[in-house]
Amino acid sequence: MSDLNENIRPWGRYDILNEENDYKLKMILVEPEQRLSYQFHYKRDEYWIIIEGKAEVTLDNETHILSKGESITINRQRKHRVKNIGSSTLRFIEVQLGDYFGEDDIERLADDYHRS
């Protein structure tokens, strides 16, 4: 497990639950009214499973509303972001499959916090 302090972000935090050569599991927590950057990845697919709260997921400029128990598939190079549209913390599991899982495989297209 990584140092939890390294995983704090302006929108909330994430915890790495497990990581192997061919997959990575994260628990992602997004604070109310916060959202991640609009982004894509070259080297991984992602699968998001909502476990608490309500999410507005943008996938290639199409909006999807997801609640507890619902999921979405995000194939590599598809533009995506998630926003917490509930009044409590949004929690979801992110399953990453691919051949590289580094945080530097993020191409940000838009970001509320001015990260590049």
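Reader: Is Asn61 buried or exposed in this model?
Author: This is a predicted model. Asn61 sits in the loop between β6 and β7 (62-67). Exposed means a relative accessible area over 50%. The relative accessible area of Asn61 is 61%, so Asn61 is exposed.

Reader: What is the phi of Asn61?
Author: Asn61 is not a glycine. Even so, its phi is positive. The value is about 70°.

Reader: Which other residue has a positive phi without being a glycine, in the segment after β11?
Author: The segment follows β11 (107-110). The residue there has a phi near 60°. With a relative accessible area of 74%, the residue is exposed. Its name is His114.

Reader: How many helices and strands does the protein chain have?
Author: Read from the N terminus on, the elements run β-β-β-β-β-β-β-β-β-β-β. No helix appears in the chain. The count is zero helices and 11 strands.

Reader: Why can the protein chain be called as compact as a globular protein of that length?
Author: The globule rule gives 13 Å for 116 residues. The radius of gyration is close to that value, so the chain is as compact as a globular protein of that length. The C-alpha atoms fill a box of roughly 35 × 30 × 30 Å along the principal axes. The radius of gyration itself is 13 Å.

Reader: What share of the contacts with a separation of 6 or more joins residues 24 or more positions apart?
Author: One pair shows such a separation: Pro32 and Ser88 are 56 residues apart in sequence. In space, their C-alpha atoms are 5.7 Å apart. For the chain, the share of contacts at 24 or more positions is 68%.

Reader: How much of the accessible surface belongs to carbon and sulfur atoms?
Author: Buried residues make up 41% of the 116 residues. The accessible surface of the chain comes to about 6,300 Å². Carbon and sulfur atoms hold 45% of that surface.

Reader: How far apart are the centres of the positive and negative side chains?
Author: Each set has its own centre. There are 17 positive and 23 negative side chains. Their centres lie 3 Å apart.

Reader: Which strand gives the most residues to the largest nonpolar core?
Author: Nonpolar side chains tend to be buried together in soluble globular proteins. The largest nonpolar core here has 17 residues, and Val30, Trp48, Val57, Ile72, Val82, Leu90 and Phe92 touch the most other members. Strands β2 (12-19), β3 (23-30), β5 (44-52), β6 (54-59), β8 (71-74) and β10 (90-98) each supply at least two residues of this core. With three residues, the one that gives the most is β6.

Reader: Is Val30 buried or exposed?
Author: Val30 belongs to strand β3. Leaving out residues up to four places away in sequence, Val30 touches Trp11, Arg35, Leu36, Asn84, Thr89, Leu90 and Phe92. Buried means under 20% relative accessible area. Val30 has 0% relative accessibility, so Val30 is buried.

Reader: What distance separates the C-alpha atoms of Val30 and Val82?
Author: Along the chain, the two are 52 residues apart. Beyond its neighbours within four places in sequence, Val82 contacts residues including Trp48, Val57, Leu90 and Phe92. The C-alpha atoms of Val30 and Val82 are separated by 8.7 Å.

Reader: Where is Pro32 found?
Author: Pro32 is partly exposed, with a relative accessible area of 28%. Not counting residues up to four places away in sequence, Pro32 touches Asn84, Gly86, Ser87, Ser88 and Thr89. Its place is the loop between β3 and β4 (38-40).

Reader: What relative accessibility does Asn7 have?
Author: Asn7 lies in the segment before β1 (8-9). Its C-alpha atom is 9.7 Å from that of Ile28, 21 residues apart in sequence. Asn7 counts as buried, and its relative accessibility is 3%.

Reader: Which strand holds His64?
Author: At 24% relative accessibility, His64 counts as partly exposed. Beyond residues up to four places away in sequence, His64 touches Ala55, Glu56, Val57, Leu59 and Ile72. Val82 is 18 residues from His64 in sequence, and their C-alpha atoms are 9.5 Å apart. The strand that holds His64 is β7.

Note on methods. Residues are numbered from 1 along each chain as its sequence is written. This is a predicted model: local features need pLDDT of at least 70, side-chain atom pairs count only at pLDDT 80 or more; totals for chains, interfaces and linings use all residues. Side-chain values use heavy atoms; hydrogens and water are left out. Helices (H or I, at least four residues) and strands (E, at least two) are DSSP runs, numbered from the N terminus. The radius of gyration is taken over C-alpha atoms; the globule rule is 2.2 Å times the number of residues to the power 0.38. Buried means under 20% relative accessible area, exposed over 50%, partly exposed in between (1.4 Å probe, protein chains only). Contact means heavy atoms within 4.5 Å. Accessible areas come from the Shrake-Rupley method with a 1.4 Å probe; for residues, only the protein chains shown count as cover. Lys and Arg count as positive and Asp and Glu as negative; His and the chain ends are not counted. The place of a charge is taken as NZ of Lys, CZ of Arg, CG of Asp or CD of Glu. A nonpolar core is a set of buried Ala, Val, Leu, Ile, Met, Phe, Trp, Tyr and Cys residues joined through side-chain atoms within 4.5 Å.
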